[in-house]
Structure formats: structure tokens, C-alpha cells
Amino acid sequence: MKRLFYLLFFLLLLYNSPQLESQIYFGLGPSYLMPQTNFKEVNKESIGLNLQLESRVFCKLWYGLRFDYHSLTKVDEITPEYFEEYFLVSPQVRYNFIGADCYTSHLIPYLQFLFNISSIKGTDERDRLGLGLSGGLGLSFGFELFKKCWLLDLNGIYAAPNAILRADGRQNLQSINISFTLSIGL
């Protein structure tokens, strides 16, 4: 956990460049997790929270960090092992499918790719750490309000947060995550 803290601290320092400051966006919103494959046999769908810190210096290529949190519940009372918490820290890259002038476009469709560092707590008491990948599509709507740039963002991601690395004996957790995020330019 200490290593993760140092990594996040280093990445935040990169964002402190005065040149980048006007193109940094902070976003927050609800997220809906729909377990897939074996994951849906032990856990119900859940509503959680996503938080994003993103650089939009380049017109078609945005990058940053995304945080996802879900408190999970078991499918029924007889399920012996299930997952209780789902937390992801994900460096992300978004490619925007738009014309040459992305700063005046209001609707921005995009493709998103994430590398997941996960902490998934289960009743199995196995190691929480996992590494995985996610990818998806989204649509953003940009507007100006109170002399600030804002963005409403709806996206869907297919997530496999522990597909690369997970505790021995733990299943590969896969889900579809739908999120709605409101971002503001800092």
C-alpha cells in the first residue's frame, strides 16, 4: 500500500506543471457495476463511486487517473464466499473520435483503455492485490458555466481488474461498469 501511495504522489507532482494546469480536469460521479461470469454467481450488482483526474493537453488523447469504489453484497444468504469491497486505481488513456478542433466540440465520442491496480476484499481472506485491464466506450458533452469548462461523461467499461495478477485460487473477476461523471477544469 505504501508503494501505491508513492506512485500516486509522483503522478500528482507531474500534474503540477503550470503549463498543464489549465488543462487538468477533476471529475466525480456514480458508477453501476454489473458482475459477469463467475463473479455474478456470488455478488449482486452495485452502485459505487468513480473519481477522475485527467489531463486534456492533447486534443484527441487524454490521460489521467481514475478511482472506482464499490461496496459489494452477496447474491443470497447461503453463499459461503463472496466479495465485500472493490477498489481500483487505474491509469487511463482516452482517444477522442472527433474533428480537428476538439475544444469547441460539444459532443465527444471516445475509446478508453485502463490499466487496473485493484484491491478486492473477499471473505476468502486471500491477498487483495490484483492487476488487470479494462476497456470501453463513452460519450462526453462539454459546456461552459460560471466561466469554467465542464464535462458530462457517460461511459461503459468491460473490466477485468485482476486478469493479469491475482491471489492463488481467486477467480478472475469480470464486470461491466457504467459510470456518469461530471468534470470541471481546474
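A quick word before the tour: a residue is called buried under 20% relative accessible area, exposed over 50%, and partly exposed in between. Keep that handy for glutamate 84, which has a relative accessible area of 25% and so is partly exposed. One more thing to bear in mind is that you are looking at a predicted model.

**Stop 1: the whole protein**

Start with everything in cartoon view. You should find three helices and eight strands. Walking along the sequence, they come in the pattern α-α-β-α-β-β-β-β-β-β-β.

Now colour the strands. Together they make a closed barrel, running E1-E2-E3-E4-E5-E6-E7-E8 with antiparallel pairing. On average, neighbouring strands of this sheet are turned by 25° against each other, with direction ignored. As for what holds such neighbours side by side, strands of a sheet pair through backbone hydrogen bonds.

Switch on the surface for a moment. The accessible surface comes to about 10200 Å², and carbon and sulfur atoms account for 66% of that. Of the protein's 186 residues, 42% count as buried. Among contacts with a separation of 6 or more, 63% are between residues 24 or more positions apart.

**Stop 2: along the wall, from E5 to E8**

Select residues 107-122 and 129-145. These are strands E5 and E6, an antiparallel pair with 13 bridges. To see how they line up, show leucine 114, which stands opposite serine 134 in E6.

Next, add 148-165, which is strand E7. E6 and E7 are antiparallel too, this time over 14 bridges. Here, leucine 139 is opposite leucine 154 in E7.

Keep going and add residues 174-185, strand E8, which runs antiparallel to E7 and is joined to that strand by 10 bridges. Show glycine 156 and you'll see isoleucine 178 of E8 opposite.

**Stop 3: glutamine 112**

Go back to strand E5 and select glutamine 112. Is this residue buried or exposed? Its relative accessibility is 2%, so glutamine 112 counts as buried.

Now show the side chain of asparagine 155 as well: a polar contact of 3.3 Å joins it to the side chain of glutamine 112. Setting aside neighbours within four places in sequence, the contacts of glutamine 112 include Arg66, Gln92, Val93, Ser134 and Ile157.

**Stop 4: salt bridges**

Time for some charged residues. Side chains of opposite charge can pair when their charged atoms come close. How many salt bridges does the count come to? There are eight.

Begin with lysine 121 and glutamate 84, whose closest N and O atoms are 3.7 Å apart in a salt bridge. Lysine 121 sits in strand E5 and glutamate 84 in strand E4 (residues 83-96), so this pair ties together parts 37 residues apart in sequence. Lysine 121 has a relative accessible area of 32%, which makes it partly exposed.

Move on to arginine 128 and glutamate 85, another salt bridge, with the closest N and O atoms 3.8 Å apart. Arginine 128 is in the loop between E5 and E6, while glutamate 85 is in strand E4, so here the parts tied together are 43 residues apart in sequence. Both partners are partly exposed: arginine 128 has a relative accessible area of 35%, and glutamate 85 has 27%.

For a third pair, pick glutamate 77 and lysine 74, a salt bridge with 4.0 Å between the closest N and O atoms. Glutamate 77 has a relative accessible area of 69%, so it counts as exposed.

Finally, select Glu54, Arg94 and Asp153 together: salt bridges link these residues in a network.

**Stop 5: two positive phi angles**

Most residues other than glycine have a negative phi. This last stop visits two with a positive value.

Select threonine 37, in the loop between strand E1 (24-36) and helix H3 (39-42). Its phi is about 45°, although it is not a glycine. At 39% relative accessible area, threonine 37 is partly exposed.

Then jump to phenylalanine 146, where phi is near 55°. Where does phenylalanine 146 lie? It is in the loop between E6 and E7. Those two strands form a hairpin with two residues between them, and phenylalanine 146 is in the turn. With a relative accessible area of 68%, phenylalanine 146 is exposed.

Notes: Residues numbered from 1 in each chain as written. Predicted model: local features only at pLDDT ≥ 70, side-chain atom pairs only at ≥ 80, totals over all residues. Heavy atoms only, no water. Pairing = 2+ DSSP bridges. Helix = DSSP H or I, 4+ residues; strand = E, 2+ residues; numbered from the N terminus. Axes fitted to C-alpha atoms, helices over the stretch in contact; angles between N-to-C directions. Buried < 20%, exposed > 50% of the residue type's maximum accessible area, 1.4 Å probe, protein only. Polar contact = N/O pair within 3.5 Å; in protein donor to acceptor, adjacent residues only side chain to side chain. Contact = heavy atoms within 4.5 Å. Areas by Shrake-Rupley, 256 points an atom, 1.4 Å probe, with all protein chains shown as cover. Salt bridge = Lys/Arg side-chain N within 4 Å of Asp/Glu carboxyl O.
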